[in-house]
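Hi,

Here is the model I said I would pass on. Have a look at it first, and my notes follow below.

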Amino acid sequence: MRYRQLVLAHGAAPALPAAWPADAVWRINDLAAYRRLRQALGDAPRRLAVIGAGLVGCELANDLALAGHAITLIDQQPLPLAALLPPAASHQLLQAWAGLPIHFIGQAQVKSLSRGRVQLADGTLLEVDEVIAATGLRTPGRLARSAGLAFDEAAGGIVVDAATGCSSQPLIHALGDCVVVQG
């Protein structure tokens, strides 16, 4: 196909660290996956571990806590949404959750996990009913590489200029979950 300018907006899929067994961890990035999780949880309150306190992890923790589930929210950063908010705003979020069954564990590394168990590097063992990974998104690199676009393998996305959305090829732009801006 010929084009004057092209915009890639093909999305991304939830990222999962290689050491984590895919069959032991829920990954939610769309409404259908969220519905499957809610159906699997049923009506009884459950104990859930949500790993990753970015936008998706915090939203899931909040929604599931409002539904009556006990949430342990785990992140490598000291506060939820640390990459997006100043510390004062993250503290406000924690205060807003004070009445909900959300327990936040910051500065934590997951050493291992299996169905129903999360082992942290400090020795903490969490016994839960389900584990949800909210550990970022990755877009497949095949299209970007075939078009000769700069692709950030570590972050899993097409490298674009923050101001213009332009990729390394001047007539190809990208936006949405498939991009990486400044790492």
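Let me start at the tail end: Gln182 is exposed, with a relative accessible area of 77%. (Exposed is over 50% relative accessible area, buried under 20% and partly exposed in between, with a 1.4 Å probe and protein chains only.) Gln182 sits in the segment after β15 and, although it is not a glycine, has a positive phi of about 50°.

Before you go further, a word on ground rules. This is a predicted model: local features need pLDDT of at least 70, side-chain atom pairs count only at pLDDT 80 or more, and totals for chains, interfaces and linings use all residues. Numbering runs from 1 along each chain as its sequence is written, and side-chain values use heavy atoms, leaving out hydrogens and water.

The overall picture: the protein chain has four helices and 15 strands, which are DSSP runs numbered from the N terminus (H or I, at least four residues, for helices; E, at least two, for strands). Of its 183 residues, 38% count as buried. Along the principal axes, the C-alpha trace spans about 55 × 35 × 30 Å.

Now the sheet. Five strands make an open sheet in the order β3-β10-β4-β5-β6, with parallel pairing. β3 and β6 (102-105) are at the edges with a single partner strand each, so one side of each has no neighbour in the sheet. Two strands count as paired if DSSP finds at least two bridges between them. β3 (residues 26-27) is joined to β10 by two bridges, and Trp26 stands opposite Ile132 there. On β4 (residues 47-51), four bridges lead to β10, where Ile132 is the bridge partner of Val50. A further five bridges join β4 to β5; Leu48 has Ile71 of β5 as its bridge partner.

What about the side chains of β10: buried or exposed? Glu130 and Ile132 point one way from this strand (residues 130-133), Val131 and Ala133 point the other way, and all are buried. That fits the general pattern, in which side chains of a regular strand alternate between the two faces of the sheet.

Then there is the largest pocket, at about 1100 Å³. Its lining takes in 37 residues, with Gly54, Leu55, Ala134, Thr135 and Gly136 nearest the centre. Both α2 (55-66) and β15 (179-180) supply at least two lining residues, and α2 gives the most, with three. (A pocket here is an open set of points on a 1 Å grid over the protein atoms alone, where a 1.4 Å probe fits and protein lies on both sides within 12 Å along at least five of seven lines; lining residues have an atom within 4 Å of a point.)

Leu55 turns up again on the surface: together with Val56, Leu84 and Leu85 it makes a nonpolar patch of about 350 Å². (Patch members have over 30% relative accessible area and no salt bridge, and nonpolar side chains are joined within 5 Å.) Leu85 lies in the loop between β5 (70-74) and α3 (87-96) and counts as partly exposed because its relative accessibility is 31%. That loop also holds Leu81, which is buried at 12% and has a positive phi near 55° without being a glycine.

How many salt bridges does the structure hold? There are three, counting a side-chain nitrogen of Lys or Arg within 4 Å of a carboxyl oxygen of Asp or Glu.

- Asp129 and Arg47 have their closest N and O atoms 3.5 Å apart. This pair links distant parts of the chain, 82 residues apart: Asp129 is in the loop between β9 (125-127) and β10, and Arg47 in β4.
- Glu127 and Arg117 meet at 3.7 Å, N to O. Glu127 is in β9 and Arg117 in β8 (residues 117-120), so the pair ties together parts 10 residues apart in sequence.
- Arg145 and Glu153 meet at 2.6 Å, N to O. Arg145 is partly exposed at 47%, as is Glu153 at 45%.

One last pair of spots. Ile28, in the loop between β3 and α1 (31-41), is buried at 10%, and its C-alpha lies 7.1 Å from that of Pro14, 14 residues away in sequence. Gly148, in the loop between α4 (142-146) and β12 (151-152), is partly exposed at 43%.

Over to you!

Methods
Patches are made of residues with over 30% relative accessible area and no salt bridge: like charges are joined within 9 Å, nonpolar side chains (Val, Leu, Ile, Met, Phe, Trp, Tyr) within 5 Å. Accessible areas come from the Shrake-Rupley method with a 1.4 Å probe; for residues, only the protein chains shown count as cover. Grid points are joined across faces, edges and corners, and a volume is the space filled by probe spheres set on the points.
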